[in-house]
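Biologist: I would like a close look at a single part of this model, followed by an account of how that part sits in its surroundings. Please keep it plain.

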Amino acid sequence: INSVMKDMSFRKSLIIEDAITHNSVTLEQLEELIDDRRPLPQVLRVLCLYSVVNNGIRPKYLEALRKGLIQTYGYEVLGTLVQLEQVGLLRATGTGKAVWPSLDRSFNLLVEDEFEYMDDISYAYSGYAPLSVRLVESLRSHPKGWRGCSDALNLLWGPAMEISQSTEERDDQEASVVLVYYLGGVTYGEVAALRRLSEKEHGA
């Protein structure tokens, strides 16, 4: 992990990803990633992030990026692009506003103050709080659970539901347990953020 984090290419990608979440990156910068022949997974991750944050990419720019990817990485990339478009990660600009700014405000995803994020789950990503962990935190922090932040949950893809289990034998003083499942994989950063959340709740 240390060798990857020290790699200059990786650090440049982090800078661009941070700029995307702050709406301060241009499509020309994304094209430079392709022209520089950066590793394909790295390029696709950045393009998908830009697409999700900005509610898609303008059609003519998306077509230019698609052509650049094929010319640089070969026709083999075409199948991957089609799959990313089918699941909505890489798509042309649609109707409506981008939901990223609302998500950021509702779940406090970007914590700018260094002293604040060092004591927050966002420490794992140097100021970015994983949405998955913020959802777990919201489940515990709101008196009504997710029912207390239904407007924010409506911004997310897919349904959200809350099912509580209880037994007559359960002691009210006993700490409740939240079991978190990840489908499709979980990052080290998310695991670290979950551990920090557990430490905060148990006073560790």
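Which helices do the buried residues of helix 6 pack against?

Modeller: This is a predicted model. The buried residues of helix 6 pack against helix 4 and helix 5. In helix 6, the buried positions include Val77, Leu81 and Leu84. Viewed down the axis of helix 6, its buried residues fall within an arc of 65 degrees, so they line one face of the helix. Gln83 and Gln86, on the other side of helix 6, are exposed. After the helix comes Gly88, which has a positive phi, near 90 degrees.

The wider setting is the largest nonpolar core, which has 34 residues. In soluble globular proteins, nonpolar side chains tend to be buried together. Within this core, Ile20, Leu30, Leu69 and Leu90 touch the most other members. Helix 6 (77–86) is one of the elements that give two or more residues to the core, and the others are helix 2 (8–21), helix 3 (27–35), helix 4 (40–53), helix 5 (59–73), helix 7 (100–107) and helix 10 (150–153). Helix 4, one of the two helices that the buried residues of helix 6 pack against, gives the most to this core, with seven residues. A second, separate core has six residues, among them Ala129, Val136, Ala193 and Leu197.

Leu30 shows what the contacts of a core member look like. Leaving aside residues up to four places away in sequence, Leu30 touches Ile16, Ile20, Val46, Leu47 and Tyr50. One of these contacts, Ile20, is itself among the four residues that touch the most other members of the core.

A charged residue also deserves a look. Arg38 lies in the loop between helix 3 and helix 4. Arg38 is buried yet has no salt bridge. The nearest side chain of opposite charge belongs to Asp36, 4.4 Å away, and the cut-off for a salt bridge is 4 Å, so this pair does not count as one. With residues up to four places away in sequence again left out, Arg38 touches Ser9, Lys12, Ser13, Leu33, Val43 and Tyr73.

Last come the aromatic rings. A search of the whole structure finds one aromatic pair. The pair is formed by Tyr125 and Tyr128, and its geometry is edge-to-face, at 5.9 Å centre to centre with 70 degrees between the planes. Tyr125 is partly exposed, with a relative accessible area of 32%, and Tyr128 also counts as partly exposed, at 28% relative accessibility.

Conventions: Residues numbered from 1 in each chain as written. Predicted model: local features only at pLDDT ≥ 70, side-chain atom pairs only at ≥ 80, totals over all residues. Heavy atoms only, no water. Core = buried A, V, L, I, M, F, W, Y, C linked by side-chain atoms within 4.5 Å. Buried < 20%, exposed > 50% of the residue type's maximum accessible area, 1.4 Å probe, protein only. Helix = DSSP H or I, 4+ residues; strand = E, 2+ residues; numbered from the N terminus. Contact = heavy atoms within 4.5 Å. Lys, Arg positive; Asp, Glu negative; His and termini not counted. Arc of directions from axis to C-beta. Phe/Tyr/Trp six-rings, centres within 6.5 Å; stacked < 30°, edge-to-face > 60°.
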